[in-house]
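Hi,

Here is the structure I promised to send over. Have a look at it first, and my notes follow underneath.

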Protein chains: 2
Amino acid sequence: MARHPQNAALKLRIVRGGAGTLARRDEILVAAIRVIARDGLSQTTLEKVAELAGISPGTVTFHFAKKDALLLAVLDRVSDEFERARRAAIIGAGGDPVAALGALVAATFDPAVSDPDRVAVWYAFWGEANARRIYLDRVGSLDKSNLADLLGLCRQLIDEGGYAHLDAEAVAITLAGLIEYLWQGILVDGRRFDRRAAIRQARAYLSVVFPRHFG
Amino acid sequence: MARHPQNAALKLRIVRGGAGTLARRDEILVAAIRVIARDGLSQTTLEKVAELAGISPGTVTFHFAKKDALLLAVLDRVSDEFERARRAAIIGAGGDPVAALGALVAATFDPAVSDPDRVAVWYAFWGEANARRIYLDRVGSLDKSNLADLLGLCRQLIDEGGYAHLDAEAVAITLAGLIEYLWQGILVDGRRFDRRAAIRQARAYLSVVFPRHFG
DNA sequence: AATTTCACTAAACGTATGTTCAATCAATTG
DNA sequence: CAATTGATTGAACATACGTTTAGTGAAATT
């Protein structure tokens, strides 16, 4: 049954370019995220996704022509969500590197952003990155821009905050590694992961490196 | 064709407990590592593994009853190789934490240990870790013991080296994160990964934290 | 009201793939 | 030499799964 008005669908078609309404596409993507997180990419089937979305298997291929396209759309969505959260944190800081670094850490461990399912999906694509170049490009580019942001902020704080003795690149790389390492705990511990402790540990490093700005 | 003497096989049977000679099992495992690295876990088939090993598909299931068993054996092998390299580095240092930390870093980026295929395999299993508890246990436990080793060595160096102002746990976590982050570069850059630069960056952190011992 | 378009279903299709199995070949044993 | 055992093959089997397609109902368009 077509549950949504056609004019809305037509309008959206112009914006998107694929088949189906945005709402249904979204439901499928959400279901796919859940299945990938639960069963892994190797055990993810269109039937499982369809069942979780409460639709027939054929509808999934109606909205996403190929399974590959669905998986890529999932990766894009998760990637976009992470990226958007990062940008919001930086922009919200209004040019203040101290606020930006703190906001980045907070955003990274915000349960609304890095919920266990999304984290599992992210690692799932990392796991196939060596096999599928397109996956490596996506996950790799997010990682690269993350490091670039951290590097820029560290440089700024080193310049403006009087930390001339510090090597910005070394600090940025170490910070990125620490954050990713802590983030990995979400995969391991799931709902039991202590987000406050992670934020505390990330800020602890910042307070060691930039003692006059992170107390 | 049975290419190996039976008495050798019989002797080995006692030690192992599975079907087949050790040599053939080994060939299959090596082929499987290659296929997993190249095509990912989701596209790894027994036929591909068999073809790369130069045997028939049936022989693979003769030596590894189930595909799952083969994959687990691959994980165990890679895991053991990493673990053994780590232990060798620590033992070789003869109780000296400075030498041990340096050796651990060197071992981590030793091309004989962390060749791109093995790293890709490792990430492949991480990617399925959320779906298969057994994978999470294996990769997670290696990670845990790595952190535990680093923590022990940091504690020792802090005590013996006069760094009482340092928080051992914070240093160990940061170091583990930095090393893993750099290690990730092997997956991204493959053969082009600059191992010397990675070792240099890891040691740079150590020299900042323990200036009197890493110059 | 008739027609067209869209979202969807359910079944069918074909292929890929893990697994089984009877047969074979080599080597060891008695 | 005969018999047994172990390793291997290659085909057969079964099934899971991505994809296709004919058909349906509802909404929108004319």
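Ala197(A) is in helix α10 of chain A. This is a predicted model, by the way, so everything below is computed from it. Ala197(A) counts as exposed because it has 12 C-beta neighbours inside 10 Å, and 12 or fewer is the cut-off for that label. Its C-alpha atom is separated by 31 Å from that of Asp137(A), and the two residues are 60 apart along the chain.

Compare that with Asp143(A), which belongs to helix α8 of chain A. Asp143(A) has 17 other C-beta atoms within 10 Å, so Asp143(A) is partly exposed. From Asp143(A) to Glu180(A) you move 37 residues along the chain, while the C-alpha atoms are separated by 9.7 Å.

Now the chain as a whole. Chain A has ten helices and zero strands, so if you go looking for a sheet you can stop there. In a box taken along the principal axes, the C-alpha atoms of chain A fill roughly 65 × 35 × 30 Å. Of its 215 residues, 37% count as buried. If you take the contacts in chain A between residues at least 6 apart in sequence, 55% of them join residues at least 24 apart.

One helix pair I'd pull up on screen is α2(A) with α5(A), the latter covering residues 67-92. Their axes come within 10 Å and cross at roughly 90°. Angles of 65 to 115 degrees count as roughly perpendicular, and α2(A) and α5(A) are therefore roughly perpendicular to each other. On the α2(A) side you'll find Leu29(A), Ala32(A), Ile33(A) and Ile36(A), and these meet Leu70(A), Ala73(A), Val74(A), Arg77(A) and Val78(A) in α5(A). Sorted by class, this contact has eight nonpolar residues, no polar ones and one charged.

Two of those names come back in the core. The largest nonpolar core has 68 residues, and those touching the most other members are Ala32(A), Val74(A) and Val121(A), along with Ala32(B), Val74(B) and Val121(B). Leaving out residues up to four places away in sequence, Ala32(B) touches Val49(B), Leu70(B) and Val74(B). Another core, of 53 residues, lies apart from it, and its members include Leu150(A), Val105(B), Cys154(B) and Leu175(B).

How do the two chains sit relative to each other? A turn of 180° with a shift of 0.0 Å along the axis lays chain A on chain B, with an RMSD of 0.0 Å. That is the relation of a two-fold axis. The same surface serves both copies, since 100% of the contact residues of chain A recur in chain B.

As for the interface, 33 residues of chain A are in contact with 33 residues of chain B. On the chain A side, the elements giving two or more residues are α2 (22-39), α7 (116-128), α8 (133-161), α9 (168-189) and α10 (195-209). Which of them gives the most? That is α9(A), with eleven residues. By class, the side of chain A that touches chain B has 19 nonpolar, nine polar and five charged residues.

Shout if you want to go through any of this together.

Cheers

Note on methods:
Residues are numbered from 1 along each chain as its sequence is written. Chains are lettered from A and ligands numbered from 1 in the order in which they are written. This is a predicted model: local features need pLDDT of at least 70, side-chain atom pairs count only at pLDDT 80 or more; totals for chains, interfaces and linings use all residues. A nonpolar core is a set of buried Ala, Val, Leu, Ile, Met, Phe, Trp, Tyr and Cys residues joined through C-beta atoms within 7 Å. A residue is buried if 20 or more other C-beta atoms lie within 10 Å of its own, exposed if 12 or fewer, and partly exposed in between; C-beta atoms are placed from the backbone. Two residues are in contact if their C-beta atoms, placed from the backbone, lie within 7 Å. Copies are superposed by least squares on the C-alpha atoms of residues with pLDDT of at least 70 in both. Helices (H or I, at least four residues) and strands (E, at least two) are DSSP runs, numbered from the N terminus. Ala, Val, Leu, Ile, Met, Phe, Trp, Tyr, Cys and Pro count as nonpolar, Asp, Glu, Lys and Arg as charged, and the others, Gly among them, as polar. Axes are lines fitted to C-alpha atoms, for helices over the stretch in contact, and angles run from 0 to 180 degrees between N-to-C directions. Angles under 35 degrees count as roughly parallel, over 145 as roughly antiparallel, 65 to 115 as roughly perpendicular and the rest as oblique.
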